[in-house]
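Me: I am new to this structure and should be grateful for a close look at one part of it, namely its aromatic pairing. Please set that part within the chain as a whole.

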Amino acid sequence: MNVAKGLLGYELSFHGPNGTVGGIITETEAYTQDDPACHAYNGKKTKRNAPMFLSAGHIYIYFIYGMHHCLNIVTEPEGRGAAVLIRDIQPTIGLDIIQTNRPNITKQSEWLNGPSKLMMGLNIPAELNTANALSNDCPLQCRPHKKPPTIQTFPRIGISKATDRLWRFRAPI
DNA sequence: ATTATGATGTACT
DNA sequence: GTACATCATAATG
C-alpha cells in the first residue's frame, strides 16, 4: 500500500500501434497476500493470479464479469502475491486516440475513470499480462510526474471481503 | 461436469 | 438509485 500511494501522480503511458496514450494515475487500491479480498490470499497460486507472484513491476491483467479487464502492478518480491489495482487515470497523452477508443463518452474526465475504462480507453491488450513494466522495451511505462500534495484514503470498493481495510487511495485532481 | 461469483460499466427510471 | 449484460475462473462433486 506504500506502493499504491507512491504510484499516485505517476504518468502511465502505453505505446500502441496507433500511437502513444497515457495519463496521470489518480486512484489506486492495494491488495496483499494476507488480505482476504486479494486474488492471491494465503499465497494460493492459480493460473489466473500467477503473475502476482512475479517480482515487483510486472503487470497483472485479469478478466472479470465476463466482459472487463483490470490492470494491476505487482508490488512485492518474487514469491509473494501482491499488487496494486489502477482505478483512475486523468488523460494527458494522445487525447485524440483515447477519444477514438471511447466513442460514446463525451466527457474527457470519464474516459479513464475506472479500472476497466482505462483498459478500453488506452486500448491496452490483455496480452500484456505478465509483462515487466520496468523493462525499457515494455509498451507500458510508468514514470514519476507530479507528486500529489495530499493523498486521500478510503475503503476499497467492488469487493465483498475485508472492506474495513482503508487501502484505496486518491490524489485530488 | 457443474455451479457460483466477481478488484465493473452502461443504460435506464 | 436500480437493473442487467456476460463468461472465465476456481471451487466443489
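Reply: In what follows, Lys and Arg count as positive and Asp and Glu as negative, while His and the chain ends are left out. On that basis, chain A of this predicted model carries 18 positive and 13 negative side chains, and the centres of these two sets are 4 Å apart.

The setting of the pair comes next. Chain A contains three helices and eight strands, which follow one another from the N terminus in the order α-β-β-β-β-β-α-α-β-β-β. Its radius of gyration is 15 Å, close to the 16 Å that the globule rule gives for 173 residues, so chain A is as compact as a globular protein of that length. The C-alpha trace extends over about 45 × 30 × 30 Å along its principal axes. Of the contacts between residues at least 6 apart in sequence, 56% link residues at least 24 apart.

The aromatic rings may now be considered. With ring centres required to lie within 6.5 Å, the count for the model is one aromatic pair. The partners are Y60 and Y62 of chain A, whose ring centres are 5.5 Å apart; their planes meet at 35 degrees, so the pair is tilted.

Are these two residues buried or exposed? Buried means under 20% relative accessible area. Y60 has a value of 1% and is therefore buried; Y62, at 12%, also counts as buried. Both thus belong to the buried residues, which make up 46% of the 173 in chain A. As for the outside, chain A exposes about 8900 Å², and carbon and sulfur atoms supply 53% of that area.

How values were computed
Residues are numbered from 1 along each chain as its sequence is written. Chains are lettered from A and ligands numbered from 1 in the order in which they are written. This is a predicted model: local features need pLDDT of at least 70, side-chain atom pairs count only at pLDDT 80 or more; totals for chains, interfaces and linings use all residues. Side-chain values use heavy atoms; hydrogens and water are left out. Helices (H or I, at least four residues) and strands (E, at least two) are DSSP runs, numbered from the N terminus. The radius of gyration is taken over C-alpha atoms; the globule rule is 2.2 Å times the number of residues to the power 0.38. Buried means under 20% relative accessible area, exposed over 50%, partly exposed in between (1.4 Å probe, protein chains only). Contact means heavy atoms within 4.5 Å. Accessible areas come from the Shrake-Rupley method with a 1.4 Å probe; for residues, only the protein chains shown count as cover. The place of a charge is taken as NZ of Lys, CZ of Arg, CG of Asp or CD of Glu. Rings of Phe, Tyr and Trp (its six-membered ring) pair if their centres lie within 6.5 Å; planes under 30 degrees apart count as stacked, over 60 as edge-to-face and the rest as tilted.
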